[in-house]
Amino acid sequence: MGKVFIKVKEQFFKPGESQMFFTKSVTYSKIGFDQLIEHIAKDSGMSEGACEGAVRSIIKQVEEMVLNGHTIFIKNLGSFKMSISAKAPLVSDEAGAKQVYRRRLLFHPSEKLKDEVENTELVSV
């Protein structure tokens, strides 16, 4: 189970007005690709080179497949898919690719990951 530290931050909005208190999670540094590979290698018992090759291949395949209209589901993590938003004209001849005004990458966490997040221990500091 994970553990996240929580801090409270006091903030004033305007001089003379009362303050408000915001609860935020403590965040640490971002984990870079090399650090991730190092952790995967230690956890799996594989060499860092083998882990790097496997992870790079997974990333490449996920990118390719998502960009070609597939939804990718990774067990215990979730699914990735591309979504679009488009204007809805009144005439079918005007509908189509030129009406798309936004493209997004969606991530939907798996039920297991959602449960893990929900059960993460929160500790005030």
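In the predicted model, strand β1 (residues 3-12) pairs with β2 in the antiparallel sense, and the two are joined over 7 bridges. Within this pairing, V8 lies opposite T23 of β2. The two strands belong to an open sheet of 3 strands, arranged in the order β2-β1-β6, in which the pairing is mixed. Its edges are formed by β2 (19-25) and β6 (121-124), each of which pairs on one side only. From one strand to the next, the twist of this sheet averages 35°.

Another open sheet of 3 strands follows the order β3-β4-β5, and here the pairing is antiparallel. The edge positions are taken by β3 (72-74) and β5 (100-109), each pairing on one side only. Neighbouring strands of this sheet are turned against each other by 25° on average, with direction ignored. Strands β4 and β5 run antiparallel and are joined by 9 bridges. One position in this pairing is A86, whose bridge partner in β5 is V100.

Strand β4 can be examined further through two of its residues. S85 is located in this strand. With a relative accessibility of 12%, S85 counts as buried, because the limit for that class is under 20%. When residues up to four places away in sequence are not counted, S85 touches Q99, V100, Y101, R102 and R104. V100 thus appears twice in this description, as a contact of S85 and as the bridge partner of A86.

I84 also has its place in strand β4, which covers residues 78-86. Together with L67 and M82, I84 makes a nonpolar surface patch of about 310 Å². Strand β4 therefore holds both S85, which is buried at 12% relative accessibility, and I84, a member of the surface patch.

A helical part of the model is represented by I40, which is found in helix α1 (residues 33-44). I40 has a relative accessibility of 28% and so counts as partly exposed, since this class lies between the limits of 20% for buried and 50% for exposed residues. Apart from residues up to four places away in sequence, I40 touches C51 and V55. C51 stands 11 residues from I40 along the chain, and the C-alpha atoms of the two are separated by 6.8 Å.

How values were computed. Residues are numbered from 1 along each chain as its sequence is written. This is a predicted model: local features need pLDDT of at least 70, side-chain atom pairs count only at pLDDT 80 or more; totals for chains, interfaces and linings use all residues. Side-chain values use heavy atoms; hydrogens and water are left out. Patches are made of residues with over 30% relative accessible area and no salt bridge: like charges are joined within 9 Å, nonpolar side chains (Val, Leu, Ile, Met, Phe, Trp, Tyr) within 5 Å. Accessible areas come from the Shrake-Rupley method with a 1.4 Å probe; for residues, only the protein chains shown count as cover. A salt bridge is a side-chain nitrogen of Lys or Arg within 4 Å of a carboxyl oxygen of Asp or Glu. Helices (H or I, at least four residues) and strands (E, at least two) are DSSP runs, numbered from the N terminus. Two strands pair if DSSP finds at least two bridges between them. Axes are lines fitted to C-alpha atoms, for helices over the stretch in contact, and angles run from 0 to 180 degrees between N-to-C directions. Buried means under 20% relative accessible area, exposed over 50%, partly exposed in between (1.4 Å probe, protein chains only). Contact means heavy atoms within 4.5 Å.
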